[in-house]
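Q: Got a minute to go through this one with me? I'd like the overall picture, then a few odd spots.

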Amino acid sequence: DMYRIGASSCGAPINEELMQDYAAHHVTEMEISEHYYTDYDYRAVKAWADRSGVHLWSLHLPFWGEDLSATDAAARARTVQTHAEIIRRGAEIGVDKFVVHPSGEPITDEERPDRMKRAQESLAALAEVGGECGAQICVEDLPRSCLSNSFANIQTLLRADARLKVCFDTNHITTEAPESLIRKLGSSIVTLHVSDFDFFNERHWLPGEGKVDWPAVLAALREVNYSGVWMYEVGFDCPKTIYRDRRLNCGDFYRNAHELFEGKRPTVFSRPKPNLGMWE
């Protein structure tokens with residue numbers, strides 16, 4: 001295998017059945033990705049993972065209604081505090097990579113410099129918490145007007161603390177090919193979000209359903225000596241932006257990964273939606 005195969009839980013309820021489904025299909029790595037972490041049973045998740053043999057590779061910090069770049073100081077402090085608490089609790093069960101969105105949206109050009117400064121302050125605080133826990137804070141590239149929507153913006157955010165790393169999402173930035181960004185970001189990339197899109201807006205499709213040049217992406221990852229996991233961030237349910245004959249399962253991720261690793265054209269069982277707009 002070129003890379004170990006992982007999949008984000010993408011908001012699906014994490015339970016022992018899901019863990020066993022991962023293991024049965026050789027998806028050995030999980031990114032815990034919940035919309036909310038209130039009253040979250042970290043110990044149960046760890047026990048299920050241990051029993052099934054799935055490794056808890058990463059955790060996606062909350063991004064609904066949470067904004068590390070908020071101009072309201074009190075709101076920003078609450079978000080940093082919430083994130084810090086989740087990092088500490090996740091680290092206790094062995095998670096050592098925490099994926100973070102540096103901002104919400106929309107962000108106007110006028111407010112961008114100030115929002116960037118706020119995000120840097122927040123990320124520096126989280127990098128400190130990560131350092132205390134032996135964990136890496138992984139800044140994700142984001143689409144549209146979000147703060148990390150270009151290489152230059154990501155560089156600026158990373159300058160907040162030398163310990164910050166990158167989670168590279170292959171389907172977020174529309175102005176530049178993913179393989180080009182991978183080469184620029186280089187060794188700062190320590191984890192991925194793998195999915196396909198149409199270079200119009202993020203879609204989180206299965207590779208092969210969009211326009212990403214996957215042999216080029218894999219070649220770029222080899223060039224920068226990426227040694228992390230091939231982590232899908234593709235929901236099991238069909239999104240509104242494409243037609244699929246059935247729900248995805250972990251076996252689809254395993255097959256898709258091996259087809260890509262072997263340089264084959266991935267199996268596609270979906271149909272494009274005609275006249276697809278920005279949002280569906």
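**Fold and loops**

A: Contacts between residues 24 or more positions apart make up 72% of the chain's contacts with a separation of 6 or more, where contact means heavy atoms within 4.5 Å.

Q: And where do the coordinates and numbering come from?
A: This is a predicted model, where local features need pLDDT of at least 70, side-chain atom pairs count only at pLDDT 80 or more, and totals for chains, interfaces and linings use all residues. Residues are numbered from 1 along each chain as its sequence is written, and side-chain values use heavy atoms, with hydrogens and water left out.

Q: How many helices and strands in the chain?
A: Eight helices and 10 strands. These are DSSP runs numbered from the N terminus, with helices being H or I of at least four residues and strands E of at least two.

Q: What is the radius of gyration, and what would a compact globule have?
A: The chain has 18 Å, which agrees with the value near 19 Å for a compact globule of 280 residues. The radius is taken over C-alpha atoms, and the globule rule is 2.2 Å times the number of residues to the power 0.38. Along its principal axes, the C-alpha trace spans about 50 × 45 × 35 Å.

Q: How much of the chain is buried?
A: 55% of the 280 residues. Buried means under 20% relative accessible area, exposed is over 50%, and partly exposed is in between, using a 1.4 Å probe and protein chains only.

Q: What about charges, how many positive and negative side chains?
A: There are 31 positive and 43 negative ones, and the centres of the two sets lie 2 Å apart. Lys and Arg count as positive and Asp and Glu as negative, while His and the chain ends are not counted. The place of a charge is NZ of Lys, CZ of Arg, CG of Asp or CD of Glu.

Q: OK, cysteines. How many disulfides?
A: Zero, a disulfide being a pair of cysteine sulfur atoms within 2.5 Å.

Q: Why no bond for Cys146?
A: Because its closest cysteine sulfur, in Cys167, is 14 Å away, too far for a bond. Cys146 counts as buried, at 5% relative accessibility.

Q: And Cys238, how far is its closest cysteine sulfur?
A: Also too far for a bond: the sulfur of Cys10 is 14 Å away. Cys238 is partly exposed, with a relative accessible area of 34%.

Q: Switching to backbone oddities. Which residues does the cis peptide bond join?
A: Glu105 and Pro106, with omega about 0 degrees. Pro106 sits in the loop between strand 4 (97-100) and helix 4 (112-133).

Q: What's usual for phi and peptide bonds?
A: Most residues other than glycine have a negative phi, and most peptide bonds are trans.

Q: So what is phi at Arg144?
A: Near 55 degrees, a positive value in a residue other than glycine. Arg144 is in the loop between strand 5 (136-140) and helix 5 (151-158), and it is partly exposed, with a relative accessible area of 26%.

Q: And at Asn225?
A: Phi there is positive too, near 60 degrees. Asn225 lies in the loop between helix 7 and strand 8 (230-232), and it is exposed, with a relative accessible area of 63%.

Q: Back to the strand 5 to helix 5 loop. Is Pro143 buried or exposed?
A: Buried, with a relative accessible area of 4%. Leaving aside neighbours within four places in sequence, Pro143 contacts Glu105, Asn149, His172 and Glu202.

Q: What does Asn201 touch?
A: Not counting residues up to four places away in sequence, Asn201 touches Arg144, Thr174, Met278 and Trp279. Asn201 lies in the loop between strand 7 and helix 7 and counts as buried, at 1% relative accessibility. Its C-alpha is 7.2 Å from that of His172, 29 residues apart in sequence.

Q: Where is His204?
A: In the loop between strand 7 (189-193) and helix 7 (214-223). Not counting residues up to four places away in sequence, His204 touches Asp169, Asn171, His172, Ser195, Asp196, Glu233 and Val234. His204 and Asn171 are 33 residues apart in sequence, with 6.6 Å from C-alpha to C-alpha.

Q: Last one: is Arg265 buried or exposed?
A: Exposed, with a relative accessible area of 78%. Arg265 is in the loop between helix 8 (250-261) and strand 10 (270-272).
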